[in-house]
Structure formats: structure tokens, C-alpha cells
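Open the model in your viewer and keep the selection tool handy. We will hop from stop to stop, with a short note on what to look for at each one.

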Amino acid sequence: MTAQIRLDDVINFFEYEKVREDRRRRVIALKAKRRVEVGPYLSFVFENRATLLFQIQEMCRAERIIDDARVQEEIDVYSALLPGPGELSATLFIEIADKDQIKPVLDRFMGIDTGHHVWMEMTGGGLRVPGAFEAGHSDEEKGKLAAVHFVRFVFSDEAMSAPLPRLRCIW
């Protein structure tokens with residue numbers, strides 16, 4: 001079980017500045033190991049306590065948050081992304097380098113967060129674990145799709161005992 005992030009885990013941004021570069025280097029290295037690219041535009045960074053605590057620290061730093069209640073709000077938001085037992089949690093990035101391609105590519109991915117377009121597929125058995133997306137990152141009626149999504153994979157006992165999965169995205 002992943003330990004929850006608590007208020008006393010987050011240091012104030014004055015103290016954080018003193019250790020930020022070291023923490024930043026470590027988390028960048030950690031995220032590089034937890035990053036999976038799927039095709040030319042999609043990448044997943046699988047989250048854990050360290051990656052999410054770093055995000056909380058960075059938000060508190062960027063927004064100069066010092067009030068404990070506001071820090072707790074950030075903790076609550078990011079803690080929702082902590083994977084539970086038998087789960088993987090990832091941030092999905094739609095990355096488009098060519099600015100002229102942003103709209104056409106995002107339009108093409110409209111609806112990626114609905115249905116079963118993203119899943120883990122267990123090697124050798126065809127067993128699939130669908131990704132469940134956090135709501136509120138797209139609005140098909142307005143034709144808007146965020147470039148960042150949060151997706152969770154909840155593994156059944158059968159999936160937990162299957163050979164290693166591979167990440168699939170069919171679009």
C-alpha cells in the first residue's frame with residue numbers, strides 16, 4: 001500500500017528552495033524510468049508517492065502557498081492520483097512539437113478519454129485492463145481536449161498474476 005501524503009511531508013517553499021535542485025534532478029531521473037511512449041504523440045508517466053509529492057511542492061512553490069489549508073487542498077488533489085493496491089496510475093501527455101499540428105492532432109484524439117481506447121494488455125493471454133480517465137479534461141461539445149490526462153488501471157486478481165503487461169492505445 002502506498003503511504004498517503006501528509007501535510008508534514010510538504011516543506012514550506014523557503015526551505016524547499018534550498019533542496020529543490022537536488023529533488024528536481026532525482027525526480028526527473030525517476031520519471032524518465034517511469035515514462036512510456038506510445039506512438040508519436042502519447043506518453044505516459046506512471047506516478048508514485050515521490051512524483052506526486054514533487055508536484056505538490058512545485059505547485060506550492062509556484063503559487064507561493066503557505067496556508068496549511070491551501071497546502072492540504074493541493075495534497076488532496078494530487079493524492080487522488082496515488083495508485084492503490086492492484087493499481088497503476090499515470091499522467092498521459094499528448095505531446096505535439098509542431099505548433100501547426102496542435103489543433104489537427106488534438107482533434108484526432110478527441111474522445112480518447114471515453115470508451116476503451118487505452119488499456120494494458122497482458123502478454124500471452126489477451127487479457128486487457130482498461131484505463132479509467134479522470135473526468136473534466138475534455139469537452140467534446142466544445143471541441144476541446146486537454147493535452148494532459150490522468151488515467152488509472154485497476155488490475156483484477158487474474159491480471160495481477162498474468163505475465164507483464166504492455167501499454168496499448170488504439171485510435
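Leaving aside its neighbours within four places in sequence, which residues is serine 79 in contact with? Select serine 79 and you will find Gln4 and Ile5, where contact means heavy atoms within 4.5 Å.

Before moving on, a word about the model. This is a predicted model, in which local features need pLDDT of at least 70 and side-chain atom pairs count only at pLDDT 80 or more, while totals for chains, interfaces and linings use all residues. Residues are numbered from 1 along each chain as its sequence is written, and side-chain values use heavy atoms, with hydrogens and water left out.

**Stop 1: helix H3**

Serine 79 lies in helix H3; helices here are DSSP runs (H or I, at least four residues), strands are DSSP runs too (E, at least two), and both are numbered from the N terminus. Serine 79 counts as buried because its relative accessibility is 14%. The classes are buried under 20% relative accessible area, exposed over 50% and partly exposed in between (1.4 Å probe, protein chains only).

Now select aspartate 68, which is also placed in helix H3, residues 68-79. Add Asp67, Glu73 and Asp76, and together with Asp68 you have a negative surface patch. Patches take residues with over 30% relative accessible area and no salt bridge, joining like charges within 9 Å and nonpolar side chains (Val, Leu, Ile, Met, Phe, Trp, Tyr) within 5 Å. Asp and Glu count as negative, Lys and Arg as positive, and His and the chain ends are not counted.

**Stop 2: helix H2 and the loop after it**

Select arginine 61 in helix H2 (residues 49-62). Neighbours within four places in sequence aside, arginine 61 touches Phe13, Tyr16, Glu17 and Arg20. Try a distance label from arginine 61 to arginine 20: they are 41 residues apart in sequence and 9.9 Å apart in space, C-alpha to C-alpha. Arginine 61 is partly exposed, at 25% relative accessible area.

Next, pick arginine 64 in the loop between H2 and H3. Check its backbone: phi of arginine 64 is near 55°, a positive value in a residue other than glycine. Arginine 64 is partly exposed, with a relative accessible area of 49%.

**Stop 3: salt bridges**

Side chains of opposite charge can pair when their charged atoms come close. How many salt bridges does the rule give? The count comes to 12, a salt bridge being a side-chain nitrogen of Lys or Arg within 4 Å of a carboxyl oxygen of Asp or Glu.

Select arginine 26 and aspartate 22, whose closest N and O atoms are 3.5 Å apart in a salt bridge. About one helical turn separates arginine 26 from aspartate 22, because they are 4 residues apart in helix H1 (residues 13-33). Arginine 26 is exposed at 51%, whereas aspartate 22 is partly exposed at 39%.

For a longer reach along the chain, show arginine 35 and glutamate 95, a salt bridge of 2.7 Å, N to O. This pair links distant parts of the chain, 60 residues apart: arginine 35 sits in strand S1 (residues 35-38), and glutamate 95 in the loop between strand S3 (87-94) and helix H4 (102-108).

Finish by selecting Arg6, Asp8, Asp9 and Arg49, joined into one network by salt bridges that share partners. Within this selection, the side chains of arginine 6 and aspartate 8 meet at 3.1 Å, N to O.

How values were computed
Accessible areas come from the Shrake-Rupley method with a 1.4 Å probe; for residues, only the protein chains shown count as cover. The place of a charge is taken as NZ of Lys, CZ of Arg, CG of Asp or CD of Glu.
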